[in-house]
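Here are a few exercises to work through with the model open on your screen. Try each task yourself before reading its solution.

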Amino acid sequence: MRNSISFVVALALIAILTSCRPTSSRTVVVYVSEDQVFSEPILKDFERDTGTTVKSVFDTEESKSTGVMNRLIAEKDNAQADVYWANEPVRADALKQRGVSTPYVSPSAEGIADQFKDPDHYWTGFSARARLLLVNARSTIKPASVMAYTGPSAKGRAAIANPLFGTTTDYVAALFTIWGDDHARTFMNDIKKNGVKMTTSNGESTDFVATGQVDFSLVDSDDAVNLKKQGKPVEIVYPDQDPNGLGVLILPNAVALIKGGPHTENGKRLIDYLLSKETERKLAFADCAQIPLHSGVEIPPEIRRIEDIKTMRVSYADLARKMEEIQPFLKEWAGQ
Amino acid sequence: MGRTVRAETIVLWLCLAVVAIAGLAPIALMVFESVWHNGHFSLNHYRELILTARFWPLLGNSIRLALATATVCGLIGVPTGIFFAKSDLPLRSGFMWLLTVPFVLPPYFIALGWSRVVARTGVTTSDWLFGFGGCVLVLSSVFLPIVTLLTFASASNVDGRLEEAGRLASGWPAVVRRITLPLSAPGILFSLVLVFLLAIGELSVPSFLRYPVLPVLSFTQFAASYNFGAATAAAVPLAALAFLGVLIEAALLQNRVYTFRSIGCGLVIPLDRWKPFVAAMLGLLSVALVILPLSALFADAFSLTAMREALQRAGASVVRSVIYSAIAATILMTLGFLLGHLTRDRGQRLVNFLTLSLFAIPGTVLSIGLIRLWNSPMTWLIYTTPALLMLGYTAQYCAVTTRLSLAGFFLIPKTLDEAARLSGASWARRLFRIFVPLSTRTLICAWLAAYILCLRDVPLALMTAPPGGDPLPARILTLMANGAPSLIASLCLIMAIASLVPLAILARVIRAQAIPA
Amino acid sequence: MNHIELDGVSKTFGERVVLSDLSLKIEKAERLVLFGPSGSGKTTVLRLVAGLEVPDKGEIRIEGRIVANSGKNFVPPEKRNVGMVFQDLALWPHMTVQQNLMFGLNARRIQKREAEVRVREMLHRVGLEHRTEAKPHQLSGGEQQRVALARALVSRPSILLMDEPLSSLEEERKCAIASDLLDLHSQFGFTLVYVTHDRAETDLLASRVCQMRDGRVA
């Protein structure tokens with residue numbers, strides 16, 4: 001029977017195709033949580049410089065920072081990616097906890113402070129955002145600390161993005177880690193009592209400050225720098241810089257090697273590339289204006305060197321745990 | 001003599017197998033996993049879902065949004081459809097195609113357009129857009145063409161002699177009310193059910209406009225925590241609503257078939273001195289729903305640098321989108337044609353029900369199921385290639401090509417097939433020598449419709465495309481995070497061109513069909 | 001031996017009983033006219049013989065072979081070698097006259113050269129040898145009729161079924177085609193089953209008339 005022969009042939013073909021999966025030696029698969037607008041040019045440069053094809057999956061605004069991370073978790077037993085480029089260490093740490101990533105010490109990581117690396121080398125931080133205060137230039141309040149949120153002059157004149165999402169969650173979790181739960185809880189309740197305006201995103205917070213609807217807000221450094229570049233009447237304040245101060249929360253990008261990925265060697269090469277000074281320089285001059293973590297990298301005038309900032313002393317692994325822990329409190333706080 | 005299995009039976013089962021593998025298997029697996037917990041039956045996910053404080057408000061929001069959208073579409077779409085079909089309004093086909101534009105674009109385009117309008121007019125408090133009102137506005141613009149076009153088709157389909165008989169006894173308003181509308185009712189109701197289903201499953205618009213609905217919860221459960229069980233549990237109420245809608249549709253259309261054929265020339269509504277008024281109303285509608293948001297969206301696109309960057313950033317995605325959609329359209333056209341052909345005498349209701357259910361299932365839900373089903377080392381060939389996306393497109397849109405094919409088959413007299421059988425022709429020979437040549441237009445229409453639907457699809461593109469293989473609507477969404485407005489505008493313009501060219505061809509094909517041979 | 005036998009055949013469509021317990025024997029080369037008002041079931045008899053319908057009950061035999069037996073042993077129409085002229089003629093609109101005739105011969109895998117000869121001969125017999133390249137819609141009503149007849153006969157069936165094919169023609173044309181049909185019948189010797197409600201056609205064509213009423217032979 002001709003039919004049955006072709007059936008057997010088809011079955012054999014399927015069997016062959018499923019058993020030996022071709023792994024092209026000139027390909028690397030990377031899942032990216034950093035904004036595509038900023039990350040893709042870097043990946044393109046890598047393609048051009050090394051001749052390796054980069055296949056990437058990007059997050060959208062909605063699934064921001066968690067979509068591809070969770071895809072990585074779901075694919076744990078069938079790893080498709082070689083590298084994860086996280087937009088903050090917390091995500092990379094989550095992968096470590098779940099055994100999705102594998103340690104890798106990149107030669108390029110030398111010169112980056114240990115504070116921004118996983119102690120077991122499961123991920124390495126680079127180019128960072130900072131949580132800063134954006135202040136309207138015409139405002140009479142000149143806050144120098146986040147404590148300004150609770151001051152009487154800030155009553156109804158300050159904004160903060162919904163702490164359930166994005167980098168605001170990191171910030172609040174950092175407060176909980178450093179101050180302890182009770183203190184941080186009191187602080188959060190105080191700023192609520194002081195009539196803080198909760199916005200949907202950091203982007204909206206910056207708009208509020210620029211248009212004078214509020215006097216100041218905690219925002220991400222990239223949004224702040226962009227607004228300043230556009231000539232909007234805003235000032236950027238690095239809060240809590242006194243010697244005993246809380247410091248600025250630094251949120252670096254983080255890159256991790258995936259366990260059992262299809263092209264691990266190329267993955268390592270990509271990580272070396274991402275952690276290089278050159279990549280940090282590019283990301284500093286891009287619209288995201290990220291702060292390099294290597295010293296001696298050329299930077300645009302709008303941003304500060306990492307060594308000139310008093311940073312918050314916080315372990316990102318602790319931060320990750322705390323973020324999960326305070327979810328119920330944050331939901332209640334945000335009224336959701 | 002022994003019974004032999006006939007070729008058409010084998011092909012029918014193959015087609016059904018494709019539908020089952022592409023659509024039913026992932027859905028079934030999801031439902032199974034949502035009640036199967038660590039080796040035993042458990043309704044925990046559902047219990048948790050219902051206990052979530054957000055569930056009931058979200059479900060309420062979803063239903064409210066869908067009802068409001070269907071109502072607005074009905075109030076505007078039915079009269080315009082009737083005018084397009086039955087009046088002597090000048091330029092009516094122009095208006096009709098113009099109003100169709102939002103439907104062939106990814107739904108979030110209109111939302112993005114309105115946000116640009118808001119940004120340009122300098123309204124900083126954009127409460128009216130970001131919320132229920134904005135969602136209804138955008139979704140109504142997007143889904144209005146469904147009601148308008150189906151009303152148009154059903155009303156054109158009413159036997160002209162009946163209307164002429166009515167016209168002898170009374171004026172046109174009475175004829176429309178007492179004859180045209182009741183006879184077009186099944187088509188109109190079907191269109192409203194469709195709008196309801198599509199609106200309730202819509203993800204990108206409510207999430208962009210920050211109106212909390214159930215699909216967003218389901219997507220977040222999935223995207224934010226890959227919690228399949230919880231995501232499914234959140235999706236099941238949607239699937240149930242979809243199912244209910246399809247049941248209603250089936251009940252409405254019992255014993256009715258669409259034949260897009262009109263006998264006699266029928267009613268012509270003489271607009272006379274109302275002509276300028278009606279034209280102005282339609283013009284206003286087109287400006288408000290289509291021209292204003294889209295021109296605001298595209299306004300930033302007309303800069304050389306933005307266009308160049310867009311092409312650099314998304315050139316490959318454009319090509320991919322076109323190729324994926326073309327392949328999917330070919331599969332869908334073939335599948336729909338075969339399914340329609342094989343079920344035109346028997347089993348039609350079952351196939352309609354099946355495919356329509358898959359059409360009504362939100363794309364996010366289908367995607368989750370597909371990923372769950374195929375994400376294993378054994379099936380990398382499907383999981384890591386565009387095959388997964390093709391499966392999704394096939395499941396989601398085979399209803400459209402099947403229905404179009406069926407409508408086409410009803411135009412072919414049965415005796416043509418019977419004569420061929422008596423001439424000794426096998427099924428395959430009849431299919432290729434009689435039905436395919438006689439269905440050229442049906443096939444072209446089905447292909448173009450499938451192409452447009454696949455091209456504009458967002459959830460499947462976003463969730464099931466392979467690494468480095470994202471189609472344009474997905475790429476625009478990912479680039480939207482902090483991308484410059486001019487870049488996004490240029491990308492949207494490219495996308496619009498890719499969709500509107502086939503739409504224009506479709507309009508031409510349909511117009512050619514309207515002229516009797 | 002009888003050429004066609006219907007034995008206790010019943011057929012219902014939904015609720016409507018179209019044929020009930022009908023038995024009919026048709027001899028070889030007979031010209032049987034099924035005569036009766038519309039709805040009397042005569043078209044259904046043709047369609048059952050052609051294999052386009054399956055009987056609910058009863059048995060149909062052609063040349064002694066069972067072709068339908070309560071739906072169990074069923075020979076599909078493409079394997080019965082029966083010619084039929086439909087009421088609407090059912091000419092394939094996308095094919096030329098030549099292609100309409102060639103279709104059945106190709107389907108039966110008759111060699112191309114032989115098929116062409118047969119088509120030419122048949123078109124000559126019905127007086128259409130000059131219209132081979134025309135499409136059906138370019139032909140007059142009478143010409144279409146002849147094409148349908150030629151197409152039904154070109155594969156030399158032993159049975160020709162005709163379903164009111166002349167009803168739409170004027171009286172004069174009817175006579176001309178009827179006499180052509182009689183000529184063809186005497187040449188090929190097929191068994192003709194002809195359905196009509198027209199008395200004149202019956203008189204012209206019948207060697208035997210079978211009156212039908214309410215699904216039975218009256």
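**Exercise 1: an edge strand in chain C**

In this predicted model, β6(C) and β7(C) pair in the parallel sense, with four bridges between them. Find which residue of β7(C) stands opposite C:G83, then work out which way the residues of β6(C) point.

*Solution.* Start with the pairing: C:G83 sits opposite C:L160 in β7(C). Next, look along β6(C): C:V82 and C:M84 point one way, while C:G83 and C:V85 point the other way. That fits a general rule: in a regular strand, side chains alternate between the two faces of the sheet. Finally, check burial: these four residues of β6(C) are all buried.

**Exercise 2: the whole sheet**

Write down the strand order of the six-stranded sheet in chain C, and name its edge strands.

*Solution.* Walk across the sheet and you get β6-β7-β8-β3-β9-β10 (chain C). The sheet is open, and its pairing is mixed. The edges are β6 (82-85) and β10 (216-217) of chain C, since each pairs on one side only. Now go to the β10(C) end: β9 (residues 208-213) of chain C runs antiparallel to β10(C), and two bridges join them. One to pick out is C:R213, whose bridge partner in β10(C) is C:R216. Last, add the helix: α4 (residues 141-153) of chain C packs on the sheet and touches β6 and β7 (159-163) of chain C. The direction of α4 makes about 170° with that of β6(C).

**Exercise 3: who touches whom**

Sort out which chains are in contact, and describe the side of chain C that touches chain B.

*Solution.* First, the pairs: two pairs of chains are in contact, and chains A and B share the most contacts. Chain A and chain C don't touch, with their nearest C-alpha atoms 21 Å apart. Between chains C and B, 18 residues of chain C contact 18 residues of chain B. On the chain C side, β6 and α2 (97-107) each supply at least two residues. By class, that side has ten nonpolar, five polar and three charged residues.

**Exercise 4: two helices in chain B**

Decide how to class the angle between α13(B) and α17(B).

*Solution.* Take the geometry first: α13 (residues 304-342) and α17 (residues 387-409) of chain B pack at about 45°, with axes 7 Å apart. So α13(B) is oblique to α17(B). Their crossing is right-handed. Among the contact residues are B:Y324 and B:I327 of α13(B), and B:L389 and B:F409 of α17(B). Count by class and you get 17 nonpolar, seven polar and no charged residues.

Key. Residues numbered from 1 in each chain as written. Chains lettered and ligands numbered in written order. Predicted model: local features only at pLDDT ≥ 70, side-chain atom pairs only at ≥ 80, totals over all residues. Pairing = 2+ DSSP bridges. Contact = placed C-beta atoms within 7 Å. Axes fitted to C-alpha atoms, helices over the stretch in contact; angles between N-to-C directions. Nonpolar A, V, L, I, M, F, W, Y, C, P; charged D, E, K, R; others polar. Parallel < 35°, antiparallel > 145°, perpendicular 65-115°, else oblique. Left-handed = near helix turned anticlockwise from the far one by under 90°. Buried ≥ 20, exposed ≤ 12 C-beta atoms within 10 Å, placed from the backbone.
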